[in-house]
Amino acid sequence: MLTPSQITQAPTWHGEVKNYFTAFDIAQMRSIRGFDLSSYSFVVSHAPDIYQRVSLPPDAPGRMPMDPGTPWSKEMISSFLAWMVAGYPEGEPQHQNSSLLKMSAVPVTGRVRKSLTSLTAEELEKLKTAFIGIMNLGTDDLNGYFQNAAIHGLPLAFCQHHDPGFQPWHRVQMWAFENCLRTIEGCEDVTLPYWDFNELLPDWMYEAPFGSYTLPIDIGTASGSTNPNYKAGYQTNRYDAQTIFKNFNADVMKYYANAQTEVWWDNFNGLLDGTPSLDFIEGHDSGHDATGDTMSKQNISAFDPIFWFYHCNLDRMWWIWQANNNAQTVDGFMKTIKNKSSSSYLVFTNAALGKMNPWAQTLKRDDLTAEFTIDLATNFDVSYESMTLDLPQAQSNKHLFLGMARTFSAYDQEVNVRVSDLDRTKIPGTFKVYLLKDGEVLDKSVFFQPDEVEKCSNCMKIPKVHFDFRLPLASVTGGLLSIRVEPNDKEMYGATVPLKVLGNPTIAVSLLMDAI
């Protein structure tokens, strides 16, 4: 029961109202009537009936709550009515740990992944042995390095990018790769370390077996033809450690900072279902591009050994976000998906759509779904040595869109510039979008994709994409705004992709809003 001091006459859903329904209430209504009292949209649509039922005398038929030991107090009933009268303000969910530093309790697991820079000499030697071991396996061996990298890009091309299964798919990929490392004799307890982007890559990351990988066979293209760039003998390459460190601080870390301030999964992920492209997915794409030539190419990025440590850290950052938002269980996580009609919600609730292939197929694991990946500690026996993030100041965490049930104020110091409906299907590989004012660059965004987009079924789910830029109002006024699209691979178009190839993209400048 809530005390009178926990009840307010200016309530919001996340601040107070959702707490009026006990776990017993929610479970009973779900099992008996299929009602979801944990859902904001459901409670809003049924609020008048709920109000009437909680106001009934104790013995009246249909009275709520069903548990006779937890009746609503007069203060709670009055507060609920005040919420209705105010237009059902939703408010904002609060981080379980607002400092964004670490989980309140780190689960104990058998696999504790450590930072690259904190490995002991013995742990590093075992990791080397494991990498050399799987690199020496044949190209048809499912435990081998080639097969693991080929799943992500060419020639197998299973990977999910710019898709609601993006985070779950890579979480399974890290676990499956770690399992392959453990098949090497003497490495049965090895764990995959993560690359903390705040730390300079250690020198041994530029030494065998971590410095590079040489393709043992031609890997062709998505259409099956021979690609002259990916023939046997191709050696992966990346920038030096100082350059990578500078690139991440200049162009990447701000997106991860933005993501960690979000309380909704939809916005944390970014890009999908119209959400701003300023968060995790943009950080992922920019990070690939910031690391070097091989990592910037989706077709072959996983062949660079740094790929595994890069994505291990992305998984750690997702787990930290889950911890900070009480989203480490299925029930907790599903409450962070704001849009229940979104592609994300469907992937996490529909086992067929959320199937994590190829591993679900090869391991004959029908339970290996997006939903299964939510609980990393229980289902994968994985935790991380450090749950601390050192991130820069996030960009403005104000809103482009707010529900009409809210009261809001416009913010006129900073705006969102959105480039919409840019057709990416004719652009070969990763590209950059530059936002210009009178021909001068204001900002840029990176989009990570394969060479042959039209032959990628996952890519064609979203052939047209949008890009967001968060800028001071003064920087975009008083001039002509335009874009320039620059492909990393300049063989087809040269330095700039012609506008006619991009469909009919538009530029819109929007004021940002704060909920009151």
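In the predicted model, 47 aromatic pairs are found. One of these joins Tyr20 and Trp72, whose ring centres lie 5.5 Å apart with the planes at 75°, so that the arrangement is edge-to-face. This pair connects distant parts of the chain, as Tyr20 belongs to the segment before α1 (23-33) and Trp72 to the loop between α2 (40-54) and α3 (74-85), with their positions 52 residues apart in sequence. Tyr20 is buried at a relative accessible area of 2%, and Trp72 is likewise buried, at 9%. An edge-to-face pair is also formed by Tyr230 and Tyr234, with 6.4 Å from centre to centre and 85° between the planes; Tyr230 and Tyr234 are both buried.

One aromatic cluster includes Trp195, Phe197, Tyr256, Trp265, Tyr310, Trp318 and Trp321 among its members. Over the ring of Trp318 sits the charged end of Arg171, 3.8 Å from the ring centre, and the charged end of Arg238 is placed over the ring of Tyr206, at 5.3 Å from its centre.

Helix α5 (residues 145-152) is largely enclosed by the rest of the structure, because 8 of its 8 residues are buried. The buried residues of α5, among them Tyr145, Phe146 and His152, pack against α4 (121-135), α6 (166-181), α11 (306-324) and α14 (359-362).

Within strand β5 (residues 440-447) lies Ser445, which has a relative accessibility of 2% and therefore counts as buried. The side chains of Ser445 and Glu282 are joined by a polar contact of 3.0 Å, and, when residues up to four places away in sequence are not counted, Ser445 touches Phe431, Lys432, Val433, Phe467 and Phe469 as well as Glu282.

Notes. Residues are numbered from 1 along each chain as its sequence is written. This is a predicted model: local features need pLDDT of at least 70, side-chain atom pairs count only at pLDDT 80 or more; totals for chains, interfaces and linings use all residues. Side-chain values use heavy atoms; hydrogens and water are left out. Buried means under 20% relative accessible area, exposed over 50%, partly exposed in between (1.4 Å probe, protein chains only). Helices (H or I, at least four residues) and strands (E, at least two) are DSSP runs, numbered from the N terminus. Contact means heavy atoms within 4.5 Å. A polar contact is a pair of N or O atoms within 3.5 Å; within protein, one must be able to donate a hydrogen and the other to accept it, and residues adjacent in sequence count only if both atoms are side-chain atoms. Rings of Phe, Tyr and Trp (its six-membered ring) pair if their centres lie within 6.5 Å; planes under 30 degrees apart count as stacked, over 60 as edge-to-face and the rest as tilted. A charge sits over a ring if NZ of Lys or CZ of Arg is within 6 Å of the ring centre and within 35 degrees of the ring normal.
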